[in-house]
Amino acid sequence: MTTENSAPVSGSIMVVGGGISGLTTALEAAEVGYEVFLIEKEASLGGRVTQLKHYFPKLCPPTCGLEINYRRLKDNKNIKVYTLSEVQNVDGTPGDYTVTVKSTPRYVNSNCTCCGECEKVCETEISNEFNFGMNRRKAAYLPHNMAFPQRYVMDSAMGKDDREKVKEACKYNAIDFSMEESTFDLKVGAVVFTTGWQPYDATRIDNLGFGRYQNIITNMMLERLASSNGPTEGKIIRPSDDKAPETIAFAQCAGSRDENHLPYCSYICCLASLKHATYIRAQYPDAKIYIYYIDLRTPGRKYENFYAKLKADENVFFVKGKVAEVSEESGTGNINLVAEDTISGEKIRQTVDMLVLATGMQPTCAIDKPAADLTFDDEGFIINDFSKGGLFAAGCANKPADVVTSNQNATGMALKAIQTLRR
Amino acid sequence: MSANYIPQPDLGFIAEIKGLGGETLKKCYQCATCSVACPIAPENSPFPRKEMIAASWGLKDKLIGNADIWLCHQCGDCTDMCPRGAAPGDVLAAIRSAAITEYATPKALAKAINDPSKLPLLLGIPAAWFALLAIITTAFGGIMEKIFHALFGDALGGRLHWSHAHEGAEHVIAHSNFVSTWFVDMTFVPTAIFATVVFFLALKRFIVDIHDNAVLEGKTDKTSLDYKALLQSVINVIPMVLKHDKFNQCEANKDRSTPHMMVLFAFIGLFIVTAVCGIMLYVGGYAGPYPQLNPIKWLANIAGVSLVIGSGMMIKNRLTNKTQVTAYKDWFILGIVFALGLSGMLTEMARLAEIAWLSYFFYWIHLIAIFELFAFLPFSKMAHIVYRTVAMGYADYANRK
Ligand SMILES: Cc1cc2nc3c(=O)[nH]c(=O)nc-3n(C[C@H](O)[C@H](O)[C@H](O)COP(=O)(O)OP(=O)(O)OC[C@H]3O[C@@H](n4cnc5c(N)ncnc54)[C@H](O)[C@@H]3O)c2cc1C
Ligand code: SF4
Ligand code: SF4
Ligand code: SF4
Ligand code: SF4
């Protein structure tokens with residue numbers, strides 16, 4: 001791994017974003033012999049899938065896919081990974097780009113063994129964004145147990161005293177506060193953007209009460225609650241009083257397929273809620289689960305079967321009608337919700353212990369637009385303009401998608417990048 | 001709905017709704033947000049989601065005779081929250097407009113009122129008619145006096161006269177000198193009777209239809225129609241209508257309630273004024289113009305001002321509100337109401353300023369506006385006064401909750 005300006009090699013490829021799509025793009029290109037620079041803004045690779053408990057439809061943990069990718073990565077000399085780094089500017093034409101990259105310091109070098117001594121002595125605490133702020137963590141931390149590289153980070157928020165303490169605690173001489181921010185240029189022939197997605201900001205969906213009522217959470221928060229490396233060590237409990245929920249409702253299309261928010265279908269949130277039902281069923285066999293939907297979108301045979309299995313579950317109820325109004329029951333923290341069941345034509349007023357908003361994905365580049373000659377659609381996804389070539393997008397930077405589709409897309413874009421170099 | 005219900009899409013009806021301001025109806029994807037957003041939709045079979053799917057399919061029979069479309073006050077809360085921009089509030093307004101046309105006879109007149117190309121004709125006929133009456137009154141008053149005397153001279157012991165003017169009336173501006181009060185009444189009494197008959201015929205069908213629809217869709221616990229009880233219910237809801245209770249439950253277009261109330265009360269005020277004037281004239285033999293200190297004059301002035309301001313505010317709201325569709329049917333009626341109020345006030349002001357020709361000119365406009373309003377009452381959007389009140393009464397009768 002390099003953090004300095006390494007000599008540009010003609011015919012290299014840059015991949016921006018080290019989530020599942022970025023990993024795939026980088027590996028596919030590197031394994032056929034191309035040099036790849038993989039730029040990741042966070043301290044670890046892996047992206048959003050590291051926050052999931054299980055992948056649908058097979059319900060295996062994300063380590064499944066990630067571990068093998070990390071292995072391939074370690075074995076491949078062609079990939080240079082830059083974590084805590086962002087692309088500042090892309091200049092040039094297909095086959096000949098100059099990319100300006102800015103790296104912020106981790107303050108930890110490759111000596112780190114993840115012994116965790118620094119974390120023990122550090123007193124400064126920061127909000128844990130990996131868990132969507134549901135808990136706090138030390139300013140000396142390992143991003144998560146699936147982090148790659150497996151190396152600690154010293155957050156810049158750490159106080160002076162703590163800096164002394166952690167340095168003292170580290171027996172491996174791994175902590176170095178003299179590291180500085182650096183900006184450097186890389187010469188590449190093609191760039192693939194795999195900057196992924198952000199959960200849509202649920203506080204903006206006014207009628208669904210997120211942020212106003214504690215027991216309304218988002219689907220990604222539920223992933224973290226259900227994950228053993230999450231804030232509750234995998235126990236799904238409601239935020240207000242740590243109670244095990246007996247009735248849980250899901251509000252589908254929360255902020256998706258909505259002209260006032262994200263006008264498109266986020267593709268994965270129906271399946272995500274079905275998957276979440278399996279989490280809850282496994283933990284609380286008697287809990288009742290209500291899924292309020294407009295249409296359930298489970299494309300393909302595997303996903304249809306997954307849906308069919310849950311439909312047969314006697315504790316999972318499907319209500320065709322969008323949750324349109326919520327309030328809090330005074331005293332209990334329970335959530336009252338209102339919807340119209342469009343099958344019976346009755347208004348439904350239900351009180352549940354917890355309401356999960358199935359929020360969708362917004363492309364990261366809609367919020368943080370890359371400084372490159374890219375074409376975006378109205379919603380901020382990058383359009384692949386093959387006639388122009390040179391700059392491409394894969395995964396959720398290109399469209400809302402599941403992991404399988406993201407990976408297929410990523411493989412295709414690796415090939416497009418290679419074709420740019422070989423013209 | 002029976003299990004083997006086969007929808008009969010009516011494409012013409014879909015096009016009609018679109019043309020009446022419901023262009024967006026096909027955007028609906030049946031999420032049912034609107035039924036929850038609507039502050040006045042009942043718990044059982046709430047609207048407007050079900051109306052949206054019926055409209056998409058062109059199921060005219062499920063919409064025209066559906067009392068729910070009349071319970072809607074077009075507040076726009078549903079339109080605001082609709083994730084698809086399908087504007088259910090505007091679609092319901094368009095359906096109401098189609099329903100008015102459907103129940104009105106003669107159909108041709110109903111169609112003409114929603115057709116901008118017929119506007120010159122609809123305005124031109126009364127304009128010509130009142131012009132003719134004015135010419136007769138002003139130029140042939142003497143002849144008319146003789147004819148009148150020959151016909152009714154001795155009736156009521158000779159108390160009936162052609163002219164309603166005061167002594168020496170040639171020297172004051174009195175509108176009966178321009179268009180004889182007899183002529184005015186000879187025009188408007190039959191017009192009012194016509195409107196009443198049209199409404200009567202319409203309501204006969206309307207009430208049966210909304211009841212059948214309610215029974216079919218399980219919206220009522222009544223199986224048969226009891227007209228007496230229904231009438232009682234209609235009377236029960238009138239205070240609610242006057243207080244704008246339902247109107248005030250809306251969020252998005254709160255500011256529409258006040259102007260609407262001003263216009264409604266202005267009409268009630270003007271109705272009282274007209275009735276009192278009629279009684280004063282025909283029973284008391286006391287003809288206008290009345291002095292400014294007369295209480296009836298106060299009421300007339302307050303109502304007139306409130307009509308102008310209320311309808312003016314409505315027009316302004318419509319012009320500035322980008323989220324609500326304003327179709328021709330809306331402009332037609334707003335224009336007439338505004339013109340009616342304004343021409344009335346201007347007539348009076350010109351009279352007080354002693355500019356006779358101007359006052360008579362405004363009076364002519366005023367007469368045309370009154371004619372437009374009354375003659376077309378059962379055909380224009382104004383008909384909502386009757387249909388909505390009856391539908392609200394029916395909801396009360398039917399225990400729609
Ligand atoms: C609730 C929920 C549950 C889900 N469950 C499943 C599931 O069970 N199975 C499944 O197949 N899919 C699931 N998905 C979808 C899955 O999360 C996505 O398909 C997947 O994350 C797409 O990967 P990606 O690499 O395109 O994007 P991401 O995972 O978002 O990765 C993008 C990476 O780019 C980095 N990055 C962003 N901007 C920059 C920048 N400017 N510079 C450098 N780096 C940057 C980010 O830090 C991140 O590491 C779920 C989604 C949700 C919302
Ligand atoms: S930085 Fe040092 S103390 Fe901290 S985990 Fe790494 S090796 Fe251990
Ligand atoms: S995947 Fe399902 S919940 Fe998500 S936006 Fe599409 S339809 Fe709505
Ligand atoms: S009109 Fe709008 S809010 Fe109502 S069901 Fe259709 S899409 Fe949903
Ligand atoms: S416009 Fe207002 S009253 Fe009419 S259906 Fe919509 S929310 Fe209900």
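Chain A and chain B of this predicted model bury about 1600 Å² between them, and 45% of that is on carbon and sulfur atoms. If you're wondering what such an area tells you, the size of an interface is often given as the accessible area lost when the parts come together. Which residues do the heavy lifting on the chain A side? A:E259, A:E340 and A:K347 supply 35% of the area that chain A buries against chain B, more than any other three residues. Counting contacts instead, 18 residues of chain A touch 22 residues of chain B.

Now let's turn to ligand 1. Where does it sit? Ligand 1 lies between two domains of chain A, because domain 1 (13–104 + 181–197 + 362–421) and domain 2 (201–359) both give residues to its shell. There are 36 residues around ligand 1, and A:S21, A:E40, A:F56, A:K275 and A:A401 come nearest. Sorted by class, the shell has 15 nonpolar, 14 polar and 7 charged residues.

Helices pitch in too. In chain A, α1 (20–30), α5 (219–226), α6 (269–283) and α9 (403–421) each supply at least two residues of the shell. The largest share, 3 residues, comes from α5(A).

Next, zoom in on the oxygen atoms of ligand 1. The side chain of A:E40, one of the nearest residues, has an N or O atom 2.6 Å from a ligand oxygen. The backbone joins in as well: an N or O atom of A:H54 lies 3.3 Å from an oxygen of ligand 1, and one of A:D402 lies 3.4 Å from a ligand oxygen. How much of ligand 1 does the protein bury? Taken alone, ligand 1 exposes 990 Å², and the protein buries 96% of that.

Methods:
Residues are numbered from 1 along each chain as its sequence is written. Chains are lettered from A and ligands numbered from 1 in the order in which they are written. This is a predicted model: local features need pLDDT of at least 70, side-chain atom pairs count only at pLDDT 80 or more; totals for chains, interfaces and linings use all residues. Side-chain values use heavy atoms; hydrogens and water are left out. A residue is near a molecule or strand if one of its heavy atoms lies within 4 Å of it. A polar contact is a pair of N or O atoms within 3.5 Å; within protein, one must be able to donate a hydrogen and the other to accept it, and residues adjacent in sequence count only if both atoms are side-chain atoms. Accessible areas come from the Shrake-Rupley method with a 1.4 Å probe; for residues, only the protein chains shown count as cover. Helices (H or I, at least four residues) and strands (E, at least two) are DSSP runs, numbered from the N terminus. Ala, Val, Leu, Ile, Met, Phe, Trp, Tyr, Cys and Pro count as nonpolar, Asp, Glu, Lys and Arg as charged, and the others, Gly among them, as polar. Domain bounds come from an automatic or database domain assignment. Contact means heavy atoms within 4.5 Å. Buried area is the accessible area (1.4 Å probe) that two parts lose on being put together, summed over both.
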